[in-house]
Amino acid sequence: RSCPGLQELLLPPRPNTGSADNAALRARALFQPPEGAMTQRHRSLVDFLRQVSLFEDLGRRELVRVARILHEREYADGEYVCEEGRPAAALFVVRRGVVEVVRQGSDAQEVPLAVLEPPASFEEAAAIGVGTTRWFSVRARGPVSLLALGKSDLDTLILNFPVVANKVLIHLAEIMAIRLQMLIDAEGLRESTKHQERTP
């Protein structure tokens, strides 16, 4: 299947290379799989990305390109991935292990909200640079491996492979819309319960 906007980047370089061709060479070095078989790490990462809803519409070659811009981070048991009250920095996908989402209660004690297992994602808005302040914290439960995708990583994908980036952005929008609707529904349920409790 042809991908508009990618043809020039994927064509062999012309003899007289200008700045545009140099950029294309750098893009190939960054995003194209190496000659021959991929390393075992990249092969297993690409197989894992197939399970992540954010990347479910991408083909194998597209997943390889995404895999090259993701950052894998390790966290020890009890270590905080992100903290309440601080700005979000990146989108995270749980690759191995389990993380717990918590929020500070009125008595300064942490209230557990959710437990996330592979291939769950969180902090989606951070990938598009929405400068929101977190209302929750996330910490590791045991050793955890997470994949991080920051705004600069997504910008790189948009610049070099707009068709791939567009697919990712569509899924980001869908996920964020679903999360927002769930929050609205939960708030409506809470208000309804409060009203029923006040009604004699």
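Colleague: Before we start, what does partly exposed mean here?
Modeller: Buried means under 20% relative accessible area, exposed means over 50%, and partly exposed lies in between. Keep in mind that this is a predicted model.

Colleague: OK. Buried, partly exposed or exposed: which is Leu113?
Modeller: Leu113 has a relative accessible area of 45%, so it counts as partly exposed.

Colleague: Where is Leu113 placed?
Modeller: In strand β4, which covers residues 110-116. Leu113 also helps to make a nonpolar surface patch of about 360 Å². Val111, Trp135 and Leu183 make up the rest of that patch.

Colleague: Now the inside. How many residues are in the largest nonpolar core?
Modeller: It has 27. Among those with the most contacts inside it are Leu49, Phe55 and Val168. Elements giving two or more residues to this core include α3 (40-49), β6 (137-150) and α6 (162-198).

Colleague: What does Phe55 touch, leaving aside neighbours within four places in sequence?
Modeller: Phe55 is in contact with Leu49, Leu63, Val66 and Val168.

Colleague: And what about another core?
Modeller: There is one of 16 residues, apart from the largest. Ala90, Phe92, Val94 and Leu146 are among its members.

Colleague: Back to β6. How many of its residues are buried?
Modeller: Eleven of 14, so β6 is mostly covered.

Colleague: How does β3 run against β6?
Modeller: Antiparallel, with eleven bridges joining the two. One bridge pairs Val102 with Ser137 in β6.

Colleague: And how does strand β1 pair with β6?
Modeller: Strand β1 (residues 71-75) pairs with β6 in the antiparallel sense, over five bridges. There, Glu74 has Ser145 of β6 as its bridge partner.

Definitions and conventions: Residues numbered from 1 in each chain as written. Predicted model: local features only at pLDDT ≥ 70, side-chain atom pairs only at ≥ 80, totals over all residues. Heavy atoms only, no water. Patch = residues over 30% accessible without salt bridge, like charges linked within 9 Å, V, L, I, M, F, W, Y side chains within 5 Å. Areas by Shrake-Rupley, 256 points an atom, 1.4 Å probe, with all protein chains shown as cover. Salt bridge = Lys/Arg side-chain N within 4 Å of Asp/Glu carboxyl O. Helix = DSSP H or I, 4+ residues; strand = E, 2+ residues; numbered from the N terminus. Buried < 20%, exposed > 50% of the residue type's maximum accessible area, 1.4 Å probe, protein only. Core = buried A, V, L, I, M, F, W, Y, C linked by side-chain atoms within 4.5 Å. Contact = heavy atoms within 4.5 Å. Pairing = 2+ DSSP bridges.
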